[in-house]
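Welcome! Here is a short tour of how two protein chains can sit together, written for someone meeting structures like this early on. Take a look at the model first, then read on.

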Protein chains: 2
Amino acid sequence: MDGGDTKPTKRKPARSASRGVTMEAVGRMAGVSQVTVSRALSDPSKVSAATLRKINEAIAATGFVPNAIAGALASSRSKLITALVPSITNIVYAAMIRAFSQRMREAGYQILLSETGFDPAEEERTIATHLSRRPDAILLTGIHHSPQARRMLLASGIPVVEVWDFTDSPIDICIGFRHVETGRAAAEFAVERGDTAAATISAGDERARRRKAAFSEHFTRLTGTPVAEIDFDEMATVARGRKGMARLIDDHGFTSGIVFCSSDVLAHGAIIEATKRGFAIPGDIAVIGFGDQEFAGDVEPPITTIKVDLEAFGRTAADALLRRFEGSSTPDTAIDLGFEIIRRQSA
Amino acid sequence: MDGGDTKPTKRKPARSASRGVTMEAVGRMAGVSQVTVSRALSDPSKVSAATLRKINEAIAATGFVPNAIAGALASSRSKLITALVPSITNIVYAAMIRAFSQRMREAGYQILLSETGFDPAEEERTIATHLSRRPDAILLTGIHHSPQARRMLLASGIPVVEVWDFTDSPIDICIGFRHVETGRAAAEFAVERGDTAAATISAGDERARRRKAAFSEHFTRLTGTPVAEIDFDEMATVARGRKGMARLIDDHGFTSGIVFCSSDVLAHGAIIEATKRGFAIPGDIAVIGFGDQEFAGDVEPPITTIKVDLEAFGRTAADALLRRFEGSSTPDTAIDLGFEIIRRQSA
DNA sequence: CTGTTAGCGCTTTCAA
DNA sequence: TTGAAAGCGCTAACAG
């Protein structure tokens with residue numbers, strides 16, 4: 001760029017390249033040193049009013065934006081939290097992260113978010129790149145991680161929050177609920193309703209499968225009746241809910257009983273299909289969903305579902321971290337936020 | 001922390017504090033210098049096979065994870081892209097970002113994502129904090145930004161991509177579609193269908209309002225009939241779709257004609273409400289949505305909607321950036337990806 | 001209240 | 001193929 005001179009110049013750094021205004025430039029303009037600018041920004045009370053004013057003027061004039069990279073390197077606090085979720089288009093995770101982000105942002109943190117797509121290998125790789133950003137904490141979805149991932153996490157020395165599932169022995173902090181319990185509760189709910197037949201429709205989510213397995217096992221134990229299961233490897237969609245119900249009816253002769261779906265979206269589709277085929281909901285076929293999504297109570301018939309407080313997960317996770325950053329002496333470990341069956345009309 | 005000695009020690013940095021393994025430590029272990037480790041990582045071909053092997057062993061043994069912060073500061077390339085969307089729980093933005101992230105991740109970039117909640121002031125603040133991370137590029141939703149935001153963006157000197165809307169004079173790169181055109185196209189579609197009455201239901205989104213305004217204006221121009229408008233300040237939900245339709249019927253005596261909704265979710269709710277009240281869809285009331293979301297074709301009746309290819313926005317944005325990073329001589333500027341009316345049964 | 005001095009852990013020349 | 005040296009822009013003691 002700047003000349004092709006062969007003369008071994010004193011290696012003057014190519015500062016020119018407008019890589020942004022520096023504190024030093026601001027300081028020069030305000031007639032103070034660089035450190036004073038730093039102070040003015042981090043703790044204005046440590047700088048005289050007059051100096052502060054000049055610095056602020058200089059900042060405004062230059063459009064200075066502090067370099068957080070340099071700050072993080074120097075202070076070894078990045079004010080960055082990284083988060084991994086299976087999917088950002090799944091409202092369940094998106095809502096949780098939203099609540100988490102809002103709380104953390106208020107405290108001055110930013111969130112670096114990545115999708116892992118339910119793949120442990122991908123999660124491991126992503127954890128490594130995330131840790132390379134030296135976040136002040138990391139949030140993971142789920143409690144199952146590869147051994148190598150656990151090693152890196154532990155070695156990083158930062159707080160690790162596992163959400164959306166529950167274990168008594170988390171890596172560090174765990175905020176979630178027991179998926180298996182939801183399946184059991186749904187089975188009991190079905191039996192209490194008087195159902196003598198049951199089926200399930202599930203999407204490709206490890207936790208969804210655990211809920212389903214618990215439902216089936218418990219229902220069979222209580223009634224002696226086996227449960228027909230329809231599983232999809234992909235994410236939940238209305239179309240798959242319809243297809244699942246169609247298979248249940250066509251292939252399994254399921255025309256009466258309750259269907260436990262791994263998400264409200266699937267339940268919605270199942271209801272649409274059954275209704276279209278002339279079955280009464282819940283008269284002939286009852287449907288129970290999972291998630292209590294926005295629409296669950298507003299479709300016809302309103303969907304009976306298992307509700308978990310998504311926002312609460314995010315908020316609680318953020319609060320636990322914030323408390324930790326403040327050096328709380330009583331660190332949170334495992335918090336079970338539970339769930340609740342919302343009885344509406346579909347079951 | 002380390003003792004209360006008054007003796008002015010040689011200020012030995014508190015290195016101890018396990019802030020992670022450094023390249024220097026790895027190098028020491030492998031019997032080479034720190035730079036060699038750096039090279040081994042960035043371009044293995046520049047290091048002898050034997051050295052490479054020893055370095056890799058040391059890395060494995062120590063669990064070394066490179067410090068991207070230090071790397072970014074030194075190279076002034078952060079391999080970080082920053083993105084701002086109005087809402088991450090809105091599938092429209094989530095799907096776009098997902099496609100964008102995937103592409104960028106494959107190229108070694110990570111995405112720092114924030115929500116702005118449709119608020120320009122919040123956007124401006126967020127842009128500032130994002131720029132402080134010295135991203136290699138920034139992606140914004142929409143084309144309207146505060147003057148101060150524009151200034152910061154320009155001053156940053158990095159590529160700026162504006163998506164999801166279209167202008168011929170973008171800050172830098174723009175990838176989107178003309179919202180106004182969608183409204184017009186919908187109005188024409190209605191008139192061609194023979195509708196002589198129309199209404200709208202919109203959520204709190206500036207672009208949704210522009211689509212609606214274009215629809216109403218055009219419909220009125222073509223038919224001479226005013227359009228009843230129901231506006232919500234909040235996000236689209238099935239419940240609001242129902243409420244909107246209820247108001248249209250109860251307050252505006254709207255019992256026949258077409259309803260242009262700012263999203264498929266609203267359309268879905270509107271259809272549910274009208275159906276429940278005994279109106280035939282599309283016989284009595286026709287409904288047209290926006291977005292062609294996953295469920296649009298699978299509910300009853302399937303929703304006629306305006307489709308925009310969400311994934312394409314993300315992919316195209318990523319490709320444009322990647323090309324730019326490679327120093328393309330023909331920079332993309334404004335790309336109009338258009339839209340399409342998907343005719344199903346609701347209209 | 002303000003400035004000086006050392007780094008933070010890398011990448012980038014330049015030299016060997 | 002390897003190493004030495006010089007920063008990147010900021011924060012953290014420490015000294016006035």
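The points below go from the contact between the chains to a few local details.

This is a predicted model. Chain A and chain B touch through 52 residues from each of them, and a rotation of 180° superposes chain A on chain B. Eight salt bridges are counted between chain A and chain B.

**How the two chains meet**

- Let us begin with the area: chain A and chain B bury about 4,800 Å² between them, and 53% of it is on carbon and sulfur atoms.
- If you wonder why an area is quoted here, the size of an interface is often given as the accessible area lost when the parts come together.
- Polar contacts appear here too, with 27 residue pairs counted between chain A and chain B, both residues at pLDDT 80 or more.
- On the side of chain A that touches chain B, the elements giving two or more residues are helix H4 (68-75), helix H5 (91-106), strand E2 (110-115), helix H6 (120-132), helix H10 (238-252) and helix H11 (264-276).
- Sorted by class, that side of chain A has 26 nonpolar, 13 polar and 13 charged residues.

**How the two copies are related**

- Superposing chain A on chain B takes a rotation of 180° with 0.1 Å of shift along its axis, and the RMSD is 0.1 Å.
- This is the relation of a two-fold axis.
- Which C-alpha of chain A is nearest the axis? It is that of Leu112(A), 2.3 Å from the axis.
- The same surface serves both copies, as 100% of the contact residues of chain A recur in chain B.

**Salt bridges to find**

- Over all chains, the structure holds 49 salt bridges.
- One to look up is between the side chains of Arg98(A) and Glu115(B), at 3.3 Å from N to O.
- Arg98(A) belongs to helix H5 of chain A and Glu115(B) to strand E2 (residues 110-115) of chain B, so this pair joins two chains.
- Another salt bridge brings together the side chains of Arg242(A) and Glu300(B), with 3.1 Å from N to O.

**An aromatic pair in a helix**

- Over all chains, a search of the whole structure finds 16 aromatic pairs.
- Among them is the pair of Phe215(A) and Phe219(A), which is stacked, with 5.9 Å centre to centre and 15° between the planes.
- Where do Phe215(A) and Phe219(A) lie? Both are in helix H9 (residues 206-223) of chain A, four residues apart, which is about one turn of the helix.

**Backbone details**

- In chain A, a cis peptide bond joins Glu300(A) and Pro301(A), with omega about -10°.
- Pro301(A) sits in the loop between strand E9 (285-290) and strand E10 (304-307) of chain A.
- In chain B, the peptide bond from Glu300(B) to Pro301(B) is cis, and omega is near -10°.
- You will find Pro301(B) in the loop between strand E9 (285-290) and strand E10 (304-307) of chain B.
- Ser76(A) is not a glycine, although its phi is positive, at about 50°.
- The place to look for Ser76(A) is the loop between H4 and strand E1 (80-85) of chain A.

Conventions. Residues are numbered from 1 along each chain as its sequence is written. Chains are lettered from A and ligands numbered from 1 in the order in which they are written. This is a predicted model: local features need pLDDT of at least 70, side-chain atom pairs count only at pLDDT 80 or more; totals for chains, interfaces and linings use all residues. Side-chain values use heavy atoms; hydrogens and water are left out. Contact means heavy atoms within 4.5 Å. Buried area is the accessible area (1.4 Å probe) that two parts lose on being put together, summed over both. A salt bridge is a side-chain nitrogen of Lys or Arg within 4 Å of a carboxyl oxygen of Asp or Glu. A polar contact is a pair of N or O atoms within 3.5 Å; within protein, one must be able to donate a hydrogen and the other to accept it, and residues adjacent in sequence count only if both atoms are side-chain atoms. Ala, Val, Leu, Ile, Met, Phe, Trp, Tyr, Cys and Pro count as nonpolar, Asp, Glu, Lys and Arg as charged, and the others, Gly among them, as polar. Copies are superposed by least squares on the C-alpha atoms of residues with pLDDT of at least 70 in both. Rings of Phe, Tyr and Trp (its six-membered ring) pair if their centres lie within 6.5 Å; planes under 30 degrees apart count as stacked, over 60 as edge-to-face and the rest as tilted.
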